[in-house]
Amino acid sequence: MDFNILTLGCKVNQYESQAMREDLLKNGYFLSENKDKADITVINTCTVTSVSDAKNRKLIHRVRRQNPDGIIVLTGCMPQAFPDEMKELDECDIILGNKERSKLVPAIEAYLADKNRLVDIPEYFNRGDMYENLTVSSFGEHTRAFIKIEDGCNRFCSYCIIPYARGRVRSKPLSALKTELENVAQSGYREVVLVGINLSAYGLGEDYNLADAVETACAVDGIERVRLGSIEPEQMDNELIARLAAQEKLCPQFHLSLQSGCDKTLKAMNRHYDTREYAEIVGNLRAAFPNSSMTTDVMVGFAGESEDDFQASMAFVKQIGFAKVHVFPFSLRKGTRAESLPDHVSPAEKERRAKLMGELTDNSRKEFLQSQVGLIEEVLFERLRHGYLEGYTKNYTPVHISSSDSALCGEVRRVKLTAAMGDYCEGVLSD
């Protein structure tokens, strides 16, 4: 039987989908040649916002229309966060939570045997859940491998459903991480990205931390670059930063989640830092990593955010000078504490603020790209497009060079950056 896996959401979901793909392949199933039709379709969902849920449902309806007799497996964060609602989705034949993806193949085989609908969503415990040690060895045509090393979150930000969809912090043991990294290196991947739900909490409650994971990755032969996925400001102290800076393979690019540049709003969000602490961490990272790039996420229109609060957030974002910012309006999430907060901002006002913040951060992006012009940087080329090669520097500046040489894909070459364009830099090979 053939299958497709459709993935929504974050890099952690992408990793988990790849692990499920490899599990299906090794158990005799094969990937469909038609991306829209298959005997089995696995939908790996995201539930970070109500918009995400709407996308999930729309995708389920489309898959059922295209595959009226196929098996639909629903998994991921949406069924885990809202198990009772998911039981009503009769378009799905098998519904699994986030906790035990090892049940995927047995669930499919059980359904094939008796055609009885299966819903299996075990709850997370407050403590005691073990890390589910998934492994991957390949990411298809991608030139970088995403390696999940942490799951769960203990923060309970007032707007976020993820602790309910992912449970508490759990970490991949260093020995298992080393083995997986060696496998992807043997598969030819030269760059790895360490990802997690709350990556900076890696090793919480254990005798290791994020620096140990980075050191383990950097020590693997064949891996030339190591990146970090999105990180929270927590735990990014001077000792950790110093250990990270000692690793030459670690790329100087940090996606440090902000959410708001207003202290009042950060407190209402139940974020565990203020703008002073955040700015200090950014300063420490920039001092330790020359020509580093700082990227982030910024939410506008959170419940109770006044115009003055919004202007304070704008001023702070401008002060930091991010290389890139993902700006999005606050989306009310059922089941979170923010649901009961007063003074919600109107949709029109949230859109206005998102537009203004977007214009500000677009200018910041242009300034960052312009600052890279004239530098000679190592670029890992990823793909050949229409007459040019596209790749990224260590600080994740996108670079285009005029070339049709597909042999350079997957190679690291020195490039002189000659011009800043819309959202990338142009360059020429320097050797």
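**Group meeting: a sheet, a helix and its aromatic contacts**

Helix 1, residues 11-26, lies across strand 7 and strand 9 (191-196), and runs at about 105 degrees to strand 7. Please bear in mind throughout that this is a predicted model.

A second helix takes a place on these strands. Helix 7, residues 174-186, also lies across strand 7 and strand 9, but its direction is at about 170 degrees to strand 7.

Let me turn to the sheet itself. It is an open sheet of four strands in the order 8-7-9-10, and the pairing is mixed. Strand 8 (170-171) and strand 10 (225-228) are the edge strands, each pairing on one side only. Between strand 7, residues 144-151, and strand 8 there are two bridges, and the pairing is antiparallel. Here aspartate 151 stands opposite arginine 170 of strand 8.

I now move to helix 12. What should its span be, and does the model agree or disagree? The helix has 14 residues, 307-320; at 1.5 Å a residue they should span 20 Å, and the end C-alpha atoms are indeed 20 Å apart.

Which residues of helix 12 are buried? They are Asp309, Phe310, Ser313, Met314, Phe316, Val317 and Ile320. Because these residues cover an arc of only 165 degrees around the axis, they are on the same side of helix 12. The face turned away from that buried side carries the exposed residues Asp308, Lys318 and Gln319.

The buried residues of helix 12 pack against helix 10 (263-268), helix 11 (275-288), strand 12 (293-300) and helix 13 (347-372). After helix 12 comes glycine 321, with a positive phi near 70 degrees.

Finally, the aromatic residues. The model has 11 aromatic pairs. In one of them, the ring centres of phenylalanine 139 and phenylalanine 146 are 6.3 Å apart; their planes stand at 75 degrees, over the cut-off of 60, so the pair is edge-to-face. Phenylalanine 139 and phenylalanine 146 are both buried.

Another edge-to-face pair is formed by tyrosine 278 and phenylalanine 316, with 6.0 Å from centre to centre and 70 degrees between the planes. This pair links distant parts of the chain, since tyrosine 278 belongs to helix 11 and phenylalanine 316 to helix 12, 38 residues apart. Tyrosine 278 has a relative accessible area of 0% and is therefore buried. Phenylalanine 316, at 6% relative accessibility, counts as buried too. Ring pairs join Tyr273, Tyr278, Phe316 and Phe322 into a cluster.

How values were computed
Residues numbered from 1 in each chain as written. Predicted model: local features only at pLDDT ≥ 70, side-chain atom pairs only at ≥ 80, totals over all residues. Heavy atoms only, no water. Expected span 1.5 Å × (residues − 1). Buried < 20%, exposed > 50% of the residue type's maximum accessible area, 1.4 Å probe, protein only. Arc of directions from axis to C-beta. Contact = heavy atoms within 4.5 Å. Pairing = 2+ DSSP bridges. Axes fitted to C-alpha atoms, helices over the stretch in contact; angles between N-to-C directions. Phe/Tyr/Trp six-rings, centres within 6.5 Å; stacked < 30°, edge-to-face > 60°.
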